[in-house]
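I opened this notebook to keep track of what I looked up in one structure, going from the whole chain down to single residues.

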Amino acid sequence: MSFAQRLCLLLGSGICLLLLGVHPLTAQSVQKQHLLSSDPTHLYRTRKVSHELALYLLPAQSPTPRGVLLLLPGFGGPAESVFQETALGQEASQAGFVTVVPTLNNRLYLDSSSMYFLDDVLRHLLRQYPSVGPNLVIGGFSAGGHLALTYAETLVGDTTRLPLRVKAVFGVDPPVDLANFWQTGQRRIAQACSPLLVREGRSMAATLTQAFGGSPEQVPGAYRQYSAFSSSDSTGGNLALLRTIPVRVYCEPDLSFWREHYCPTMQLEDLNTPMLQQLIHCLQRQGNRQAEYLETRGKGRVGKRPFPHSWSIVDAPECIRWLQPYTEQ
């Protein structure tokens, strides 16, 4: 396995660069639409230098779209690659949804810049497709899944931001508790399985420490504020805003894969699985009967190679069937 492939491990930390299996757009109907000629807060970064913000849009096959599917790529993942990594956009198009993927891949958490950019993307879309009504579904992979959950919480908590309403949200193997994410970085360092893992652990912890001004023990409020889920809070912190919203999380906890290829001492707590299970249990305790934890086996692939942290763990046709009843017009 090449260095680029090894760099994709990062266990749902949201830093998986998706350097594999990225090809030019094959769906001719996918449109790139520019929004800003500059990216002053560095929301988007890929191997190619990018100084602009844009969105990739796949129109609905229906003349009157029923809603919007907003998909968010993982950390470092090119926005256009989402349409090759998953069939969600194509399935949504057939079901009457407009699918949009914004050029936002350089955030582990939803800050003001990324939040306002997503607002602008959806306003731009509404001007083109006013028939979508209030129906909005949000999904994302890895760090994009964390952004999807936190953006859904933001829109549910402030219904004056947009005329769209969150009808369902899902995350594909996302890190959801930033305090736990910081601790995962510390375990990477302590395990000392490889220089790559140690560098990744240091990067994880340093990024959050710098952003929030300290560790979770030093500034716990900051970590709770920016986390989709706070496992230390009985109501889940911001997660409580989703207690009436259909929520799904997907993961493929193939611990033997990670131990064989990356670190023989890796434990289940080093994966996203425990936090995702806790998130769903927390919602269910609060009465959310539409909260689901979906665990897969042997579905994760990047290109032709097995890789459990990937978009491919989602059964795209089934996922679109799941969200359709919540967006009936």
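The entries below record what I looked up, in the order in which I took it.

**Entry 1, the whole chain.** I noted before anything else that this is a predicted model. Counting the secondary structure, I found 11 helices and 10 strands in the chain. I then looked up the radius of gyration, which is 18 Å and close to the 20 Å that the globule rule gives for 329 residues, so I take the chain to be as compact as a globular protein of that length. Along the principal axes, I have the C-alpha trace spanning about 55 × 45 × 40 Å.

**Entry 2, burial, contacts and surface.** I looked up how much of the chain is covered, and 57% of the 329 residues count as buried. Turning to contacts with a separation of 6 or more, I saw that residues 24 or more positions apart account for 76% of them. For the surface, I wrote down an exposed area of about 13300 Å², of which carbon and sulfur atoms supply 51%. The charged side chains come to 28 positive and 25 negative, and I have the centres of the two sets lying 2 Å apart.

**Entry 3, helix α11.** Which residues of helix α11 are buried? In this helix, which runs over residues 316-323, I listed Ala316, Cys319, Ile320, Trp322 and Leu323. These residues cover an arc of only 155° around the axis, and therefore I place them on the same side of α11. As background I added that an α-helix has 3.6 residues a turn, so residues three or four places apart point the same way.

**Entry 4, Leu197.** I located Leu197 in helix α7, which covers residues 195-212. Its relative accessibility is 1%, so I entered Leu197 as buried. I also looked up the pair Leu197 and Tyr262, which are 65 residues apart along the chain, while their C-alpha atoms are separated by 8.2 Å.

**Entry 5, two positive phi values.** I reminded myself that most residues other than glycine have a negative phi. Ser142, which is not a glycine, has a positive phi near 55°, and I found this residue in the loop between β5 (135-141) and α5 (143-157). Ala192 is not a glycine either, yet I read a positive phi of about 50° for it; its place is in the loop between α6 (178-191) and α7. Are these residues buried or exposed? Ser142 has 0% relative accessibility and therefore counts as buried, whereas Ala192, at 51%, counts as exposed because the cut-off is over 50%.

Technical notes
Residues numbered from 1 in each chain as written. Predicted model: local features only at pLDDT ≥ 70, side-chain atom pairs only at ≥ 80, totals over all residues. Heavy atoms only, no water. Buried < 20%, exposed > 50% of the residue type's maximum accessible area, 1.4 Å probe, protein only. Rg over C-alpha atoms; globule rule 2.2 N^0.38 Å. Contact = heavy atoms within 4.5 Å. Areas by Shrake-Rupley, 256 points an atom, 1.4 Å probe, with all protein chains shown as cover. Lys, Arg positive; Asp, Glu negative; His and termini not counted. Charge placed at Lys NZ, Arg CZ, Asp CG, Glu CD. Arc of directions from axis to C-beta.
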